[in-house]
Amino acid sequence: MDHTTHEPAKHTHGTASWGTAVKATLHCLTGCAIGEILGMVIGTALGWGNVPTMVLAIGLAFLFGYSFTLFAVLRAGLGLGAAIKVALAADTVSITVMEFVDNAIIALTPGAMDAHLTDALFWSALLGGFAVAFVITTPVNKWMIGRGKGHAIVHAHH
């Protein structure tokens with residue numbers, strides 16, 4: 001928002017800074033991590049199998065990831081319908097890449113799918129998956145923001 005004219009800031013297409021991309025990715029990672037950890041804890045506590053637990057964790061990762069953006073743009077004054085559209089446009093690719101990478105790491109780590117919440121293997125695979133997902137998703141976000149997509153859409157409403 002251009003606070004002198006109270007109009008949305010204009011974004012030029014081109015390059016985005018790495019700092020902007022890192023902030024957008026950390027924003028996404030925070031929501032994804034909260035949702036995914038909550039889903040894993042709930043599924044494991046209820047004795048669910050791997051597939052339903054992962055489905056719940058991924059669903060909650062998207063829910064929390066979108067929610068962070070949704071609440072930010074609602075606070076900025078957008079109506080609910082417009083805020084939902086902004087959240088979907090801003091976060092879908094980022095969350096999808098992050099969840100794909102993070103869950104692939106977990107699925108491909110020997111024994112991680114059968115580890116329990118009290119096992120170091122569970123937490124190391126999960127946190128390692130988040131770290132790798134962050135490294136892979138940050139350049140994706142940088143590319144998208146530089147083209148006026150992803151989190152660039154959110155910043156137009158701040």
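The exercises below, each with a worked solution, concern a predicted model of a protein chain.

**Exercise 1.** Determine how many helices and strands the protein chain has, and in which pattern they follow one another.

*Solution.* Begin with the count of elements, which comes to five helices and zero strands. Then read along the sequence, where the pattern is α-α-α-α-α. As a last step, turn to burial: the protein chain has 158 residues, and 38% of these count as buried.

**Exercise 2.** Describe the largest pocket by its volume, and then characterise its lining by residue class.

*Solution.* The volume of the largest pocket is about 230 Å³. Its lining is made up of 18 residues, of which Thr 44, Asn 50, Thr 53, Met 113 and Ala 115 are the closest to the centre of the pocket. Next, assign the lining to elements: α1 (18-45), α2 (50-75) and α4 (120-146) are those that each contribute two or more residues. Finally, sort the lining by class, which gives ten nonpolar residues, seven polar ones and one charged residue.

**Exercise 3.** Find which residues make the nonpolar surface patch of about 350 Å², and decide whether Leu 46 is buried or exposed.

*Solution.* The patch is formed by Leu 38, Ile 42, Leu 46 and Trp 48. Of these residues, take Leu 46 and locate it along the chain, where it falls in the loop between α1 and α2. The relative accessibility of Leu 46 is 53%, and the cut-off for an exposed residue is over 50%; Leu 46 therefore counts as exposed.

Note on methods: Residues numbered from 1 in each chain as written. Predicted model: local features only at pLDDT ≥ 70, side-chain atom pairs only at ≥ 80, totals over all residues. Heavy atoms only, no water. 1 Å grid on protein atoms, 1.4 Å probe; cavity = no way out; pocket = protein on both sides within 12 Å on 5 of 7 lines; lining within 4 Å. Points joined across faces, edges and corners; volume = space filled by probe spheres on them. Helix = DSSP H or I, 4+ residues; strand = E, 2+ residues; numbered from the N terminus. Nonpolar A, V, L, I, M, F, W, Y, C, P; charged D, E, K, R; others polar. Patch = residues over 30% accessible without salt bridge, like charges linked within 9 Å, V, L, I, M, F, W, Y side chains within 5 Å. Areas by Shrake-Rupley, 256 points an atom, 1.4 Å probe, with all protein chains shown as cover. Salt bridge = Lys/Arg side-chain N within 4 Å of Asp/Glu carboxyl O. Buried < 20%, exposed > 50% of the residue type's maximum accessible area, 1.4 Å probe, protein only.
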